[in-house]
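Work through the following exercises with the coordinates open, and check each step of the solutions against them.

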Amino acid sequence: SKLIRKFPKINSLDQDIKNTMMDFEKNSVNYLIDNLLMISKVLRIKSKFFRSSEINIHKEKDFQYNIINLVKRLGGTHYINLPGGKYLYDENKFNQNKLDLSFIPEEKRQYSILECL
């Protein structure tokens, strides 16, 4: 494929990882979930993963309260989001609900992670 020609080191990956990474027939959500689970397995991460749709919470009009309700339902005390969320989330709303809010630091990558393989 075009991707393998551009990043030939993909061929040196474990076959299960390669198959998961190269399975573009799935919808984007399932593709991302499968890759997250595969990499977690490789890195021996023992965390449990849930789809938010599997967790029964009261749905609010304000999406921030849906996140707050999910975190509280799972017994969490801290919500960590990608850097772009800085413009979406109000730290005061989380603090009022006794939750910490933080963001992953933004990283300016100059290349694709596939080029590191």
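Helices (H or I, at least four residues) and strands (E, at least two) are DSSP runs, numbered from the N terminus. This is a predicted model, in which local features need pLDDT of at least 70 and side-chain atom pairs count only at pLDDT 80 or more, while totals for chains, interfaces and linings use all residues. Residues are numbered from 1 along each chain as its sequence is written, and side-chain values use heavy atoms, with hydrogens and water left out.

**Exercise 1.** Determine which element gives the largest share of the lining of the largest pocket.

Solution. A pocket, on a 1 Å grid over the protein atoms alone, is an open set of points where a 1.4 Å probe fits, with protein on both sides within 12 Å along at least five of seven lines, and lining residues have an atom within 4 Å of a point. The lining of the largest pocket comprises 19 residues, with F49, F50, R51, S52 and Y79 nearest its centre. Two or more lining residues come from each of α3 (28-42), α4 (63-73) and β1 (78-81). The largest share, five residues, belongs to α3.

**Exercise 2.** Establish whether N81 is buried or exposed, and what its side chain joins.

Solution. Start with the location: N81 sits in strand β1. Its relative accessibility is 14%, so N81 counts as buried (under 20%; exposed means over 50%, partly exposed in between, with a 1.4 Å probe and protein chains only). Beyond its neighbours within four places in sequence, N81 is in contact (heavy atoms within 4.5 Å) with Y89, S102, F103 and I104. Finally, a polar contact of 2.9 Å joins the side chains of N81 and Y79, the term denoting a pair of N or O atoms within 3.5 Å, of which, within protein, one must be able to donate a hydrogen and the other to accept it, and residues adjacent in sequence count only if both atoms are side-chain atoms.
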